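Hello,

Here is the structure I promised to pass on. Please have it open while you read, as my notes follow below.

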Amino acid sequence: MAEKNRHIAFICSKGDLDMAYPALIMGWAALGNGVDVTIFFTFWGLDLVTKKRVDKLEIAPVANTSFKMSMMGLPTGNLGIPNLMGIIPGMTAFASWFMKSKMKALGTPTVREYLEMLSDGGAKMYGCKMTVDMFGIKRDEFLPCIKDVVTASDFIDMTEGAQIIFI
Amino acid sequence: MADATLASVSFDAEGYMTDPNQWSKEISETLARQEGLAALTAEHWKIIDFCRQTGLASGKAPTLRQITTGTGISTKDLFALFPKGPAKKVAKIAGLGKPEGCV
């Protein structure tokens, strides 16, 4: 009788500020639609759920062809931030501050807040065992949203029938 | 499915009421049962009332985060009170349109 609920699983493999948000936003939207959500954090994605890293995620303008000067309100059209400028000390910090202030103005929660919302909304979040072992991360270094550290095979088991999105 | 309370109420294709002025408490209770909620408690009403107020004032049903920050009810409690998609469920029950916005 009972139909199996729709289930979306996200694999977060990136630790950049801009790559942190897709899974958080879509995961939150999924919970809002009554869909089950599982998030697996692997490799650099573990930065999102590590206490000392979560508030310090950054976006680097170097080699980022999407980063245009016009985003900062300058009338420069399609002109990107030259990579040479991107290597100036402080540019990454500036770009990160800039993106954070833009998101704040939009009322977007921080990564830390999003994780808390997702966890409270019932999303299940796990760390990747192999990466955790490789980076030597201890359990108490993770935010409380991390339920467990599991193997890739465990993740495959727990996402049977789910739609999987790799980020 | 046919319920006397809802006889004169108009809905869109997704089941949201098209005219919030047709809403009444009785309609809320009937819609809540259709959404799988056994009974509406005082806590449910606190959220429904908040959504009615902000929804009628702005013309838009509030999002999840607007509900939690506006009512002070935690995300956990909101998902417990209206399981599986609280913002959409409350919008339906409160006679409002579908909530827009990502957070």
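**A covered helix in chain B**

Let me start with helix H5 of chain B, residues 86–93, which is mostly covered: seven of its eight residues are buried. Please keep in mind throughout that this is a predicted model. The buried residues of H5(B) are Pro86(B), Ala87(B), Lys89(B), Val90(B), Ala91(B), Lys92(B) and Ile93(B). You may notice that two lysines, Lys89(B) and Lys92(B), are on that list.

What do these buried residues pack against? Within chain B, their partners are helix H1 (25–34), helix H2 (42–58), helix H3 (64–71) and helix H4 (75–81), and they also pack against H1 of chain A. Just after H5(B) comes Gly95(B), which takes a positive phi of about 75 degrees.

One of the residues of this helix, Ala87(B), is also touched by Thr63(B). Thr63(B) sits in the loop between H2 and H3 of chain B, and although it is a loop residue, it is buried, with a relative accessible area of 8%. Leaving out residues up to four places away in sequence, Thr63(B) touches Glu100(B), Gly101(B) and Val103(B) as well as Ala87(B).

**Where the two chains meet**

On to the interface. Chain A brings 14 residues to the contact and chain B brings eleven. About 1100 Å² is buried between chain A and chain B, and carbon and sulfur atoms give 59% of that area. Three residues stand out on the chain A side: Trp28(A), Gly32(A) and Asp120(A) supply 42% of the area that chain A buries against chain B, more than any other three residues.

How many salt bridges are there between chain A and chain B? The count is one. Arg65(B) forms a salt bridge with Glu113(A), and their closest N and O atoms are 3.2 Å apart. As for polar contacts, two residue pairs are found across the interface, both at pLDDT 80 or more. On the side of chain A that touches chain B, the elements giving two or more residues are helix H1 (17–32) and helix H5 (111–120) of chain A. By class, that side has six nonpolar, six polar and two charged residues.

**A closer look at Trp28(A)**

Trp28(A) lies in helix H1 of chain A and is buried, with a relative accessible area of 3%. Setting aside neighbours within four places in sequence, Trp28(A) is in contact with Ala23(A), Tyr114(A), Met117(A) and Leu118(A) in chain A, and with Leu64(B), Thr75(B), Phe79(B), Cys102(B) and Val103(B) in chain B. Val103(B) is also touched by Thr63(B), the buried loop residue described above. Trp28(A) and Leu115(A) are 87 residues apart in sequence, and their C-alpha atoms are 9.3 Å apart in space.

**Cysteines**

Over all chains, the structure holds zero disulfides. Why does Cys128(A) not form one? Its closest cysteine sulfur, in Cys12(A), is 12 Å away, so the two are too far apart for a bond. The sulfur of Cys145(A) also has Cys12(A) as its closest cysteine partner, and here the distance of 11 Å is again too far for a bond. Both residues are buried: Cys128(A) has a relative accessible area of 8%, and Cys145(A) has 6%.

Happy reading, and best wishes!

Key. Residues are numbered from 1 along each chain as its sequence is written. Chains are lettered from A and ligands numbered from 1 in the order in which they are written. This is a predicted model: local features need pLDDT of at least 70, side-chain atom pairs count only at pLDDT 80 or more; totals for chains, interfaces and linings use all residues. Side-chain values use heavy atoms; hydrogens and water are left out. Contact means heavy atoms within 4.5 Å. Buried area is the accessible area (1.4 Å probe) that two parts lose on being put together, summed over both. A salt bridge is a side-chain nitrogen of Lys or Arg within 4 Å of a carboxyl oxygen of Asp or Glu. A polar contact is a pair of N or O atoms within 3.5 Å; within protein, one must be able to donate a hydrogen and the other to accept it, and residues adjacent in sequence count only if both atoms are side-chain atoms. Helices (H or I, at least four residues) and strands (E, at least two) are DSSP runs, numbered from the N terminus. Ala, Val, Leu, Ile, Met, Phe, Trp, Tyr, Cys and Pro count as nonpolar, Asp, Glu, Lys and Arg as charged, and the others, Gly among them, as polar. A disulfide is a pair of cysteine sulfur atoms within 2.5 Å. Buried means under 20% relative accessible area, exposed over 50%, partly exposed in between (1.4 Å probe, protein chains only).
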